[in-house]
Amino acid sequence: MSKEDPPANIPPFSLPETGEKDTGRVISHFGQYVKIETMQGVVKWKPPHRESWVVGDMIRFVDGRPKTSLPRRNELSRMSGRKGASQALAANIDWLVIVTACGESLKPGLIDRFIVASGHAGIKSMIVLNKIDLENAPECKTQVGKYRALGFPVYCLSALTGEGIDVFTGALKNSISSMVGHSGVGKTSIINLLAPGSERMVREIHKETQRGRHTTTNALMVGLPSGGAIIDSPGIRIFSPAGVGRSEVAAHFPGFGKWLTGCKFRDCLHVTEPDCSIRDAVDDGCIDPDRYSSYLRLIESI
Ligand SMILES: Nc1nc2c(ncn2[C@@H]2O[C@H](COP(=O)(O)OP(=O)(O)OP(=O)(O)O)[C@@H](O)[C@H]2O)c(=O)[nH]1
Ligand SMILES: [Mg+2]
Ligand SMILES: [Zn+2]
């Protein structure tokens, strides 16, 4: 078992969950190995065959060795591979931080998928619009503003200039958060600002790729100086929520909430059924038609 010192300036963030001395938390996952933070330091370990550990998992130690993962409070999973297997991306998180950026076209479809997946998993979600130093910031702010109007926390910031970072930092305090989004939106840049002491670990991950933009290849959790921790993860191009049935999408779809109770059929998919309160709300202008189209695309893909 190899032990390493915890990263400088980062308070330990494991253990409060169980309060047990003989547990640790998985803070990174690379190849066949994980790193587990314990009160004594960071341990690098290869999980046993039958175990599948992801960042955020709490691990029980037996005789000083990492043995089994404790039951997960929640997990964010996606469908992966041709066989449609479910793959957990992170476990035991309070907030899913959906990161988008100015300068590229905003993809509401991807935001909706993440919101539905996190809602189904019992994880709260917030939206970050990064790179507000870029020219098209005003129109991007208007677009993400739609989600604010629907009740989701939205933070507009720039990892380049630091604008908006303080307010965002406050929102993460004492929580475990996980950042997701397309490659290049600035997730790692934001982490470097939030936890300056973590830079060493973030770079350590990047060194392994040695490629152009230092695309992140492994999930990594870093502690926040103000308390709590945040997970940086590789960029995701396509995200299909795992374990969410077609009939379960509407309950978590942003903006549908208060229109859901009036449909004639209890198992209404809100597509062609008669007396559908969601379609009525679209016709009445209470639900944005773009939102409804995004819903249809999502359930068609399931
Ligand atoms: N203009 C501007 N550029 C930024 C900002 N934040 C990050 N960038 C740049 O965007 C590029 C990608 O940043 P990363 O932090 O590597 O993005 P990422 O989301 O971690 O990407 P992956 O690891 O591939 O998923 C880099 O060239 C950054 O310098 C910002 O606020 N404004
Ligand atoms: Mg990155
Ligand atoms: Zn309906």
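Q: Which atoms coordinate the zinc ion (ligand 3), and at what distances?
A: In this predicted model, the zinc ion (ligand 3) is held by three sulfur donors and one nitrogen donor, namely C263 (SG), C268 (SG), C276 (SG) and H270 (ND1), at 2.1 to 2.4 Å. Along the chain these donors follow the spacing C-x4-C-x1-H-x5-C.

Q: What geometry does the site of the zinc ion (ligand 3) have, judging by the angles among its four donor atoms?
A: The general reference is that ideal angles at a metal are 109.5 degrees for four tetrahedral donors. Here the angles among the four donor atoms run from 101 to 116 degrees, and the site of the zinc ion (ligand 3) is tetrahedral.

Q: Where do C263 and C276 lie, and how far apart in sequence are the parts that the pair ties together?
A: Both C263 and C276 lie in the loop between α6 (246-252) and α7 (277-283), so the pair ties together parts that are 13 residues apart in sequence.

Q: Are C263 and C276 buried or exposed?
A: Both C263 and C276 are buried, a term that stands for a relative accessible area under 20%.

Q: How should one read the two faces of a strand, and which residues of β12 lie on each side?
A: The general idea is that in a regular strand the side chains alternate between the two faces of the sheet. In β12, I176, S178 and V180 are on one side and S177 and M179 on the other, and with all of these buried, both faces are covered. Because five of the five residues of strand β12 (residues 176-180) are buried, the strand is largely enclosed by the rest of the structure.

Q: In which sense does β12 pair with strand β9 (residues 95-101), and over how many bridges?
A: Strands β9 and β12 pair in the parallel sense over four bridges, and the bridge partner of V97 in β12 is M179.

Q: How many bridges join β12 to strand β14 (residues 229-232)?
A: Three bridges join β12 to β14, and these strands run parallel; S178 stands opposite I231 in β14.

Q: Where is S28 placed, and which residues is S28 in contact with once its neighbours within four places in sequence are left aside?
A: S28 is in strand β2 (residues 23-30) and is buried, with a relative accessible area of 3%. Its contacts, with those neighbours left aside, are Y33, V34, K35, V55, A219 and L220.

Q: How many helices and strands are there in the protein, and what share of its residues count as buried?
A: The protein has eight helices and 14 strands, and 47% of its 302 residues count as buried.

Conventions:
Residues are numbered from 1 along each chain as its sequence is written. Chains are lettered from A and ligands numbered from 1 in the order in which they are written. This is a predicted model: local features need pLDDT of at least 70, side-chain atom pairs count only at pLDDT 80 or more; totals for chains, interfaces and linings use all residues. Side-chain values use heavy atoms; hydrogens and water are left out. Buried means under 20% relative accessible area, exposed over 50%, partly exposed in between (1.4 Å probe, protein chains only). Contact means heavy atoms within 4.5 Å. Donors are N, O and S atoms within 2.8 Å of the metal (3.2 Å for Na, K and Ca); water is not among the atoms, so sites may look incomplete. Four donors count as tetrahedral if all angles lie between 85 and 135 degrees; four count as square planar and six as octahedral if opposite donors are over 155 degrees apart and all others between 65 and 115; anything else is irregular. Two strands pair if DSSP finds at least two bridges between them.
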